[in-house]
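Welcome, and please open the model in your viewer. We will walk through it one selection at a time, so keep your selection tool at hand.

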Amino acid sequence: MEDIAWGTDAELTDQQFYNREQEITVLKSLLESEGSSPTIMVTGIRGIGKTVLLKKIRKELKDNYFTCYIDLSTTSSYQMGELTELGIMEHLYESFMEEYQDKKFFSTFKKLSKYFKTKDFGLGDILDAGGVPLPVVKTSDNYKKLSSFVLDLPQVIYEEHKDQINGTILFIDEFQVLKDLGEKLDAFLWFLRSVIQSQKNVTYVFSGSITSSDSFISKIAGSEGAFGGRMLNVEIHSFNKDTVSDYLKEKSPSLIFDESGFERFYNCTKGIPFYVNTFAKLLEKDTTLNEEKVKDEFQRTLPYLAIHLINQWSRLTLQEQEIITRLLNGPLRRKDISGKMGVTSGSLSKPLNKLQDIELIKLKEHHYGISEPILEAWLKKEYSEKKVYPFRSI
Ligand SMILES: Nc1ncnc2c1ncn2[C@@H]1O[C@H](COP(=O)(O)OP(=O)(O)OP(=O)(O)O)[C@@H](O)[C@H]1O
Ligand SMILES: [Mg+2]
């Protein structure tokens, strides 16, 4: 029976989840080690399987720990166009309270209210939201109070429920969203670090589509960074050829490749689980797939494989889109890009930084290049069919 998840599924069944034994062992042993609470950063490119891995680990530890999974990209202020520190705190708080209710820790409601008071929120500042106290923040002065309150909570919750749980584990996903804080990012990271450092029983697992070469990572974990030297980085890699081959044989036996067909499949997907799954699900079944066939099918299914990237593409400015199309024939120096575009080199700083931030291009030996082969393939296909790039047709 076919048991392959869609590329957009965030939570997989145990049957669908494949491989990653080593990563699970490492992460679980870090999380379960008593008397220490390391800060962990799980990194890897888009679609590699960070989120499903975090959720699987959370499921396995859920009963013995107070666990929260927080996706920063669903913070409402981020969705509304401007990520704020206040928005993050509210989001964290809501997630804590959700788990609090799930765990049925109501007995401590009173204690929690008391705790609110010691933090000097006026009584009027606290709403009773369905049995859960909810602080209301009105002024920016209160923001500081709220954030130290919210970030202290996980430790407080642990202290109150020591007999039921071994600790608190917070999974904070889509961490790269914090780049949107702009100038406030540094202060926020240092603040976070100061809180985290003082908590003995709370473990933070950050994750996001960031790679170790990203400058954002050095802001966080580099020697000058807020978490310099104290963060353990676990990088998630793509599946190798043998893993993909075994995986498909087991989970999708009706896919029949000849040798060159499989080579081509691996080449198209690069072993990235999102692409492996999406392509495998869309490929024709019960027929021999040779190299030519896989090539054709890849072209046919590109719009589905590239779905995230097409979304991202459609949100770019015209100038950013143009930069990308200029790089389709290979990496270029900055002055060559500006020359082709007829603009000054200086005017490209902002768009080039933005495109690097969202990982669509990368800089290597003074040359900018496209870092998403699937986006590249989709743009080329669009051009060959329509003789124009899809600058604004979507
Ligand atoms: N271990 C796995 N076994 C089977 N399928 C997987 C596995 N890991 C990932 N996948 C597939 O890849 C898809 C993408 O995974 P996931 O959302 O976890 O990636 P991600 O690294 O969090 O990506 P992003 O950076 O975009 O958030 C999943 O929906 C699933 O279909
Ligand atoms: Mg994810």
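Two residues are in contact if their C-beta atoms, placed from the backbone, lie within 7 Å. With that in mind, look at the whole protein chain of this predicted model: among its contacts with a separation of 6 or more, 71% join residues 24 or more positions apart. Colour the chain by secondary structure and you will find 17 helices and eleven strands. The protein chain has 394 residues, and buried ones make up 34% of them.

**Stop 1: the ligand**

Select ligand 1 and show what surrounds it. Which residues are the closest to ligand 1? They are Gly49, Lys50, Thr51, Ser209 and Pro273, and the full shell has 24 residues. Now highlight α2 (50-61) and α11 (273-282), as each of these helices supplies at least two residues of the shell. Colouring the shell by class gives ten nonpolar, ten polar and four charged residues.

Next, give domain 1 (21-235) and domain 2 (241-305) a colour each. Why does ligand 1 lie between them? Both domains give residues to its shell, so ligand 1 sits between the two.

**Stop 2: Ser212 and Asn233**

Select Ser212, in the loop between β6 (202-208) and α8 (215-221). Is Ser212 buried or exposed? There are 12 other C-beta atoms within 10 Å of its own, and a residue with 12 or fewer is classed as exposed, so Ser212 is exposed. Show its contacts beyond four places in sequence: Ser212 touches Thr43, Ile217, Asn233 and Glu235. You can also draw a distance from the C-alpha atom of Ser212 to that of Gly44; the two residues are 168 apart along the chain, and the separation in space is 8.2 Å.

One of those contacts leads to Asn233, so select that residue next. Asn233 belongs to strand β7 (residues 231-235). Its 14 C-beta neighbours inside 10 Å make Asn233 partly exposed. Leaving out residues up to four places away in sequence, Asn233 touches Met41, Thr43, Ser212 and Ala221. Thr43 is therefore a contact of Ser212 and of Asn233. For Ala221, try another distance: its C-alpha atom is 8.6 Å from that of Asn233, with their positions twelve residues apart along the chain.

**Stop 3: two helix pairs**

Select helix α10 (residues 259-269) together with helix α12 (residues 291-305); their axes are 7 Å apart and make an angle of about 30°. How do α10 and α12 run relative to each other, roughly parallel or roughly perpendicular? Angles under 35 degrees count as roughly parallel, and α10 and α12 are therefore roughly parallel. Show the side chains of Ser260, Gly261, Arg264, Phe265 and Cys268 in α10, which meet Glu291, Lys293, Val294, Lys295 and Phe298 in α12. By class, this contact has four nonpolar, two polar and four charged residues.

Now switch to helix α14 (residues 318-326) and helix α16 (residues 349-357), which pack at about 70° with axes 10 Å apart. That angle makes α14 roughly perpendicular to α16. On the α14 side, the contact is made by Gln319, Glu320 and Ile323, while Pro351, Leu352, Lys354 and Leu355 make it on the α16 side. Here the classes are four nonpolar, one polar and two charged.

**Stop 4: Ser338**

Move to helix α15 (residues 334-341) and pick out Ser338. With 19 C-beta neighbours inside 10 Å, Ser338 counts as partly exposed. Beyond its neighbours within four places in sequence, Ser338 is in contact with Val343, Thr344, Ser345 and Leu348. Leu348 is ten residues away along the chain, and the C-alpha atoms of Ser338 and Leu348 are separated by 7.2 Å.

**Stop 5: two backbone angles**

Most residues other than glycine have a negative phi. Begin with Asn19, in the segment before α1 (21-32). Its phi is positive, about 65°, although Asn19 is not a glycine. Asn19 has 16 other C-beta atoms within 10 Å and is partly exposed.

Finish at Glu365, in the loop between β10 (361-364) and β11 (367-370). What is the phi of Glu365? The value is near 45°, again positive in a residue other than glycine. Glu365 counts as exposed, with 7 C-beta neighbours inside 10 Å.

Note on methods. Residues are numbered from 1 along each chain as its sequence is written. Chains are lettered from A and ligands numbered from 1 in the order in which they are written. This is a predicted model: local features need pLDDT of at least 70, side-chain atom pairs count only at pLDDT 80 or more; totals for chains, interfaces and linings use all residues. Axes are lines fitted to C-alpha atoms, for helices over the stretch in contact, and angles run from 0 to 180 degrees between N-to-C directions. Helices (H or I, at least four residues) and strands (E, at least two) are DSSP runs, numbered from the N terminus. Angles under 35 degrees count as roughly parallel, over 145 as roughly antiparallel, 65 to 115 as roughly perpendicular and the rest as oblique. Ala, Val, Leu, Ile, Met, Phe, Trp, Tyr, Cys and Pro count as nonpolar, Asp, Glu, Lys and Arg as charged, and the others, Gly among them, as polar. A residue is near a molecule or strand if its C-beta atom, placed from the backbone, lies within 6 Å of it. Domain bounds come from an automatic or database domain assignment. A residue is buried if 20 or more other C-beta atoms lie within 10 Å of its own, exposed if 12 or fewer, and partly exposed in between; C-beta atoms are placed from the backbone.
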